[in-house]
Amino acid sequence: MIVDTHVHVWEIDPPRYPVGPTAPNWTSEPDEPGTAGELLEEMDANGVDRSVLVQTSWSTWDNGYIADSTARFPDRFIGHGLIDPRDEAGNAETARYWMEERGLAGFRFHPMYYPDEEVLTSGGNRAMWEVLAALDAVIQFHTSPPFAGQIAEIARRHPRMMLLVDHMGYPRLEDGPEPWEPITALAKLPNLFVKISDVKGRSLSKEFPFADTHPYVRALVDAYGAERCLWGTGYPGHHRTRHGWLSLGEELRLVREGLDFLTGAQQDRILGGTAAEVWGLS
């Protein structure tokens, strides 16, 4: 089984599927849709069995398109939405609604969008985390090393909840590995997983197979084990190259051929075996 654990899809169809910012100081909005239908065609052409749909930061807090797409194609998609971490009065019930009523499997949080506050671990968000833990939500974090402490606190507080670090925790190759070590240190917590994604984006050379990133990928595989590493990409169809990402075929080739230090068994885990266990797929 091949599972892409990180694809953004969106529709521009207000008021049914509104677009607009979520994060503070967010200004980007799409000028064309990137649809689930486009993604399905691409998955079929490349042998990808399932994809995790992740709500974009430009699609507001309304996760309707992700939920509707997952409901239409439950054997192909898994839905992850966004919840406003500043809505401390209402986000616990919001989480319950999107999971119990609309079928989402989990959510993504962006602590790096709130650099001046520990938004994930505020006292007002305790109720939200209790609901998420009770519902067995899978949670992913768009994060970098300065926010690892918040993630570790949540992991210790809710040790049965599966928590995923997106995009390798954004190593900055120009700074060397030391500032990035809080991401590998999270591997000591058994409910933390990491996505081997945005490899091209982390590279300074930008030339396949992005060899300057390989020590960082290897460090993650060594720390977490392939059984806690996942594969993810980014956007559907032509939106991949438009946003500077590899095509889906090249993303697959990177794992199968470019990361030549991975064994076949490790490739299988990263490309789908780990995800099948995280989301209970068969």
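Biologist: In which sense do β7 and strand β8 pair, and over how many bridges?
Modeller: Good place to start. In this predicted model, β7 and β8 (residues 229–231) pair in the parallel sense, and three bridges link them. To read the register, look at who faces whom: K195 stands opposite L230 in β8.

Biologist: And how does strand β6 run relative to β7, parallel or antiparallel?
Modeller: Parallel: β6 (residues 163–165) is joined to β7 by three bridges. Here L164 is the residue opposite F193 of β7.

Biologist: Which residues of β7 point one way, and which the other?
Modeller: L192, V194 and I196 point one way, while F193 and K195 point the other way. All of these are buried, so β7 (residues 192–196) counts as mostly covered, with five of its five residues buried, where buried means under 20% relative accessible area.

Biologist: Let's move to a loop. Where is the place of N63, and is N63 buried or exposed?
Modeller: N63 sits in the loop between β2 (50–54) and α2 (64–72). Its relative accessible area is 0%, so N63 is buried.

Biologist: What does the side chain of N63 reach?
Modeller: The backbone nitrogen of L82, at 2.8 Å. Leaving out residues up to four places away in sequence, N63 touches Q55, G81, L82, W98 and L104.

Biologist: Which residues is A148 in contact with, beyond its sequence neighbours?
Modeller: Setting aside neighbours within four places in sequence, P182 and L186. A148 belongs to helix α5 (residues 148–157) and is buried, with a relative accessible area of 7%.

Biologist: How far apart are A148 and W180 in sequence and in space?
Modeller: They are 32 residues apart in sequence and 9.8 Å apart in space, C-alpha to C-alpha.

How values were computed
Residues numbered from 1 in each chain as written. Predicted model: local features only at pLDDT ≥ 70, side-chain atom pairs only at ≥ 80, totals over all residues. Heavy atoms only, no water. Helix = DSSP H or I, 4+ residues; strand = E, 2+ residues; numbered from the N terminus. Buried < 20%, exposed > 50% of the residue type's maximum accessible area, 1.4 Å probe, protein only. Contact = heavy atoms within 4.5 Å. Polar contact = N/O pair within 3.5 Å; in protein donor to acceptor, adjacent residues only side chain to side chain. Pairing = 2+ DSSP bridges.
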